[in-house]
Each structure stands twice: as structure tokens, then as C-alpha cells.
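Please look over the sequence and the structure shown below, and then read the short report that follows.

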Amino acid sequence: MDITRLNNELSRTGEKIRYLQMLDRALRSWDPSRRKTKLPGPLILQIQTTDLCNGSCDMCPYSYKEKSDRANLMDRRLYVKILEELKNTGSVCNVIAMLQNEPLTDSNVHRLISDSKNILGSHVHTNIVTNGTLLSPSRADELIEAGLDTFTISIDAFCEQTYRSIRKGHDYNKMMFNVQSLLNRRQRPMVVVKFMKLAENTGEEKAFLHYWKKQGASVWIHESNNRAGTLDGYEKFRRNRPGFESGSISRMITDVINKTFSFCLRPFFMLEVLQDGRVILCNNDWNHEAVAGDLSKQSLDELWNGDVMNSYRHMLYTSIMDGDSICSRCSYSKGHFRNSD
């Protein structure tokens with residue numbers, strides 16, 4: 001193992017350890033008797049700067065959801081307002097620029113990454129999750145200069161034919177060129193490539209893992225889910241039998257997480273904000289059923305510990321599900337972090 005691959009493995013392991021610590025902090029901060037959290041704000045912000053995606057993947061509800069004629073962009077003043085309120089809480093550790101979209105369809109996303117660093121501080125980790133087709137060397141330059149800490153690229157296949165079948169409309173050769181160009185940089189942020197286990201890519205994850213680790217990337221292999229009941233034809237896409245599992249230290253940490261936290265903790269430590277300021281309970285809520293509030297009209301403080309958020313937290317904590325809630329329909333309802341790498 002060369003030094004780049006070793007550093008990536010250690011970084012990925014360290015990332016999961018930090019994630020485990022955040023889960024533990026979020027759970028210990030929950031006061032079940034008062035049905036409130038002692039956390040002053042979220043530990044992770046996941047934010048949608050545009051509602052546009054350039055893909056049409058079958059395993060994603062975006063492929064068949066109703067779309068507007070043009071992209072809706074988050075007003076930069078709203079973005080800054082959210083960051084300023086987060087700064088006052090002193091809680092946030094990570095900003096993820098992606099939520100039900102392809103963030104690189106927003107030509108200004110690098111400026112928002114820079115805003116995150118300038119307002120929240122250089123210690124706050126910034127991450128972008130992308131399909132990689134728009135991640136040209138010049139876009140990568142902008143994001144790196146803005147202070148981005150991690151590129152996460154969803155690929156989901158090893159073979160080109162499988163990729164084209166899963167990620168319809170995406171250019172395999174362009175994606176490969178962009179990712180390889182990023183990995184070939186002498187100095188760059190961390191690069192993570194993702195593989196979602198699906199029926200169509202059965203048997204490819206071992207080759208995917210070995211190839212991308214050899215290129216110097218960290219690898220995230222994870223289970224599919226039914227997107228809280230919003231994914232049509234989930235049974236057709238899901239993997240019916242276990243796939244390849246690596247035996248890394250990071251995988252062992254995942255096992256610890258799965259055994260320790262038996263219910264979903266996302267609302268306990270994450271804030272998920274749509275481009276218009278509405279806060280949804282979960283990134284899998286594609287129909288925007290569970291809207292906790294609107295940061296274009298409310299303060300972060302009143303929303304974060306408000307009745308809506310706390311009612312869902314109580315439901316998850318007690319495992320007493322409302323039959324009409326998105327949590328009751330979610331395939332992840334009995335587990336929080338089902339993945340391997």
C-alpha cells in the first residue's frame with residue numbers, strides 16, 4: 001500500500017470515528033423526559049443550493065418527480081443567514097453541499113463553499129456529493145481553491161455497460177476522465193467514490209473496491225434503500241442477497257455503529273435544508289412530507305428544538321411509529337448506517 005492509499009484509508013477510518021462520536025453526542029444530548037435535545041444546533045448541515053440534477057437514474061426518485069421548467073437556486077443571502085445562525089450555535093462540524101440534486105449544476109456552488117469556510121471557520125469540514133459528469137478540471141480547481149475538503153463521487157458500477165444501465169444519460173467516459181484527473185493531482189482534497197448495492201451491479205463491488213483503492217481513492221460501498229417509500233419499483237432495484245464485504249478497520253467501525261445505534265438518528269444531529277429554506281426531516285423525503293419549518297421565515301433556534309423536530313425524534317427514540325409517517329415506510333427505520341467500505 002503506497003502512502004496516498006494509506007492516508008486515504010486512515011482518513012476514511014478517522015471520518016467514521018468522528019461520525020461515531022457525533023452519533024454518540026447526539027444520542028446523549030436527547031432528553032427523553034422533556035422530549036428535547038440539549039444540542040444548541042445541528043452537527044451536520046446538508047444543504048440544497050439548487051433543485052436541479054443532470055441525471056435520470058432509476059434508483060433515484062428524481063428521475064420521475066415533477067420538475068419545474070428551470071432550476072431554482074438558493075438565494076445567497078439566505079445561505080449566509082443560515083451560516084451566520086449556525087455560527088452562533090457553535091455546533092456544526094460538517095457542511096455537505098448536496099440534497100436531492102446534482103450540486104455542480106449550480107455554477108456558484110464553489111462560492112458557497114467559500115462562504116462556509118469564511119463564516120464557520122476553516123475547521124468545519126466541507127463536502128460535495130456529485131455524479132462526477134460535471135466535475136471538469138476547471139470546476140475542481142474552483143472547489144479546491146474555495147477550500148473544499150472532500151469530493152464524494154457516486155459511480156455505482158465497475159463495468160461501463162452496468163454504469164450506463166444504472167446511470168441513464170450519464171457519460172461514462174467523461175465521468176472517468178474527470179475522476180481520474182482529480183485523483184492524478186499531486187495535491188488534492190480527499191476523494192471518495194461510492195457504490196450502491198443494486199440488483200444490476202451484483203458481483204462488481206470487489207473489482208470496484210480494488211480498482212479505485214489502487215487509484216488512490218477511498219471507497220464507500222453502501223446498501224440501497226426505498227427512499228422512505230418514495231422510490232417506485234424498489235423491489236426491482238434492491239439486492240436480494242448479500243454482496244462483497246471488505247474486512248477493513250472502517251468496516252469494523254460500521255459494524256459497531258450498526259450494533260450500537262438501533263434506530264435512525266438523522267434528525268438528532270442533522271439539518272437538511274432545501275433551496276427555498278424549508279427544512280425536511282430526512283434526505284429521503286422526496287415528497288417533502290415532513291417539513292419541520294422554513295429558515296427563510298424562522299430562526300434556526302426555534303426550528304431546531306421545535307415541536308415538529310422533537311416529535312419525530314421522540315417517535316424514533318421510542319420506536320413507536322406513526323403509521324402515516326415517512327419513517328414508518330422507510331427501509332432504514334431499524335438501522336442508521338448500513339454500509340461497508
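## Contacts and overall build

In this predicted model, residues that stand 24 or more positions apart account for 75% of the contacts in the chain, when contacts with a separation of 6 or more are considered. The chain has 12 helices and 12 strands.

## Buried residues and exposed surface

Of the 341 residues of the chain, 56% count as buried. The area that the chain exposes is about 15,200 Å², and carbon and sulfur atoms supply 48% of that area.

## Aromatic rings

A search of the whole structure finds nine aromatic pairs. One of them joins tyrosine 211 and tryptophan 212 in an edge-to-face arrangement, with 4.9 Å from centre to centre and 85° between the planes. The pair counts as edge-to-face because its angle of 85° is over the cut-off of 60 degrees.

The two partners can also be described by their accessibility: tyrosine 211 has a relative accessible area of 26% and is therefore partly exposed, whereas tryptophan 212, at 2% relative accessibility, counts as buried, because buried means under 20%. Both residues belong to a cluster in which ring pairs link Phe158, Phe195, Phe208, Tyr211 and Trp212.

## Charges over rings

Two further tryptophan rings have a charged side-chain end sitting over them. The charged end of lysine 194 sits over the ring of tryptophan 220, at 4.5 Å from the centre of that ring, while the charged end of arginine 313 sits over the ring of tryptophan 304, at 4.4 Å from its centre.

Note on methods:
Residues are numbered from 1 along each chain as its sequence is written. This is a predicted model: local features need pLDDT of at least 70, side-chain atom pairs count only at pLDDT 80 or more; totals for chains, interfaces and linings use all residues. Side-chain values use heavy atoms; hydrogens and water are left out. Helices (H or I, at least four residues) and strands (E, at least two) are DSSP runs, numbered from the N terminus. Buried means under 20% relative accessible area, exposed over 50%, partly exposed in between (1.4 Å probe, protein chains only). Contact means heavy atoms within 4.5 Å. Accessible areas come from the Shrake-Rupley method with a 1.4 Å probe; for residues, only the protein chains shown count as cover. Rings of Phe, Tyr and Trp (its six-membered ring) pair if their centres lie within 6.5 Å; planes under 30 degrees apart count as stacked, over 60 as edge-to-face and the rest as tilted. A charge sits over a ring if NZ of Lys or CZ of Arg is within 6 Å of the ring centre and within 35 degrees of the ring normal.
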